[in-house]
Amino acid sequence: MRFLIVLLVLMACTSNAQPAFESQTLDSAISIGYGLAIGDVDGDKKPDILLADKKQFVWYRNGDWRKFILAENLTQSDNVCIAARDIDGDGKVEIAVGAQWNPGETTDTLASGSVHFLQRPSDPTQIWSVKTLHHEPTVHRMKWVEVAPRDFRLIVVPLHGRGNKNGVGEGVRVLAYQPDKAGSQSTYELVDQSMHLTHNFDIIRDGDHENIVIAGKEGLKTFGYSGKEWKLKSWDAKTYSFGEVRHASASPKVVAAIEPMHGNKVTVYDNGRRTVLDSTFNQGHALAFADLLGQRKDQIIAGWREPDKNGKTGIKIFSLKEHESFWLDENGIACEDLAVADLNGDNKPDVVAAGRATKNLKVYWNKRK
């Protein structure tokens, strides 16, 4: 009898940990879906979805999920990244974008890498005007970062250094832009130039400001802004090469990663101890931390974009508490990027993902009881 009770409790615990999601395709005709952002575009206090696609920057309005074009055909080569955040406290996001994606050209600032600020029209469903900022070859990722209370920088991270070949040569020029409200001021600061093949980065809250953690060929480097200059705060996991990095919301010492760039391994670092959770990915390219399962501890959400040895692409959830993995999407998306947010106000995080080869944008609604 005692054994039966214990078994039932274990079954109940396992059942409670099972993910319950309902997928919805918002767009089945995207071109690539390079990058996602979440933010309130129209000021209705609901998070909208923003997407950097091949030739268009677009947003999907929360509720009816109607698609609107922000800007299109900015450069000859593809768009590649987007950053959206309310930096002036008016309840509506400011938007910056990166284009002219030409990773094979690492020298010419006109032929590779462009940075733009999108200026809001009175009606945000109309085309936004574009202010062009300083260009840097192979611009690849960008985020708004709060370096002091209500003082923001647009951090821009290229893939390569100038003249870099196969990750060898000059270091990547990580830049911090400070555009004015109109987006016309193109002053910028050099954050760092010591890393190579810097594929992505994350933001960590540190009191009243935020630091950035850059993932690259040399591991993870954390930088903070103080005394009107950028300083290296730590250099971790030096023996590994990173493509993606995310930190758990409850503990900045718990780090998820995809190794190496476009790699096959999903790893977690807990106070420096490395654990490989999965080594079967093919071009892992999307990563997030969130408590999707209601465990009071974040899980890792990771996606990949090329078929694995079983011919599958998709997104998996990794539970660190119970050392389990679950499919969020099995072969329904070739995941290029993903983001997590409570989109419908039910206090449960939902997942948004863009598919490269599958050309789809999907929401996974969290139906956990």
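Here is a short chat about reading confidence, a sheet and a pocket in this predicted model.

Biologist: Before anything else, what pLDDT does the chain average?

Modeller: The chain averages a pLDDT of 93, and 94% of the residues score at least 70.

Biologist: And over which residues is the pLDDT below 50?

Modeller: As a general idea, where pLDDT is low, the predicted coordinates shouldn't be read in detail. Here that applies to residues 1-15, where the pLDDT is below 50. Beyond near neighbours in sequence, that stretch has two contacts in the model.

Biologist: OK, on to the open sheet: is the pairing of its four strands parallel or antiparallel?

Modeller: Strands of a sheet pair through backbone hydrogen bonds, and both arrangements exist. In this sheet the order is 2-3-4-5 and the pairing is antiparallel. Strand 2 and strand 5 (67-72) are the edges, each pairing on one side only. On average, neighbouring strands are turned by 20° against each other, direction ignored.

Biologist: How many bridges join strand 3 to strand 4?

Modeller: Four, between residues 48-52 and residues 56-60. For one of the partners, look at A52: its bridge partner in strand 4 is F57.

Biologist: Now the largest pocket. How much space lies in there, and which residues are closest to its centre?

Modeller: About 1100 Å³. The lining has 34 residues, with K143, D202, R246, A339 and V340 the closest to the centre. Elements giving two or more residues to the lining include strand 2 (35-39), strand 10 (139-148) and strand 26 (335-341).

Biologist: How do the lining residues divide by type?

Modeller: Into 22 nonpolar, four polar and eight charged.

Key:
Residues numbered from 1 in each chain as written. Predicted model: local features only at pLDDT ≥ 70, side-chain atom pairs only at ≥ 80, totals over all residues. Heavy atoms only, no water. 1 Å grid on protein atoms, 1.4 Å probe; cavity = no way out; pocket = protein on both sides within 12 Å on 5 of 7 lines; lining within 4 Å. Points joined across faces, edges and corners; volume = space filled by probe spheres on them. Nonpolar A, V, L, I, M, F, W, Y, C, P; charged D, E, K, R; others polar. pLDDT = per-residue confidence, 0-100. Contact = heavy atoms within 4.5 Å. Pairing = 2+ DSSP bridges. Axes fitted to C-alpha atoms, helices over the stretch in contact; angles between N-to-C directions.
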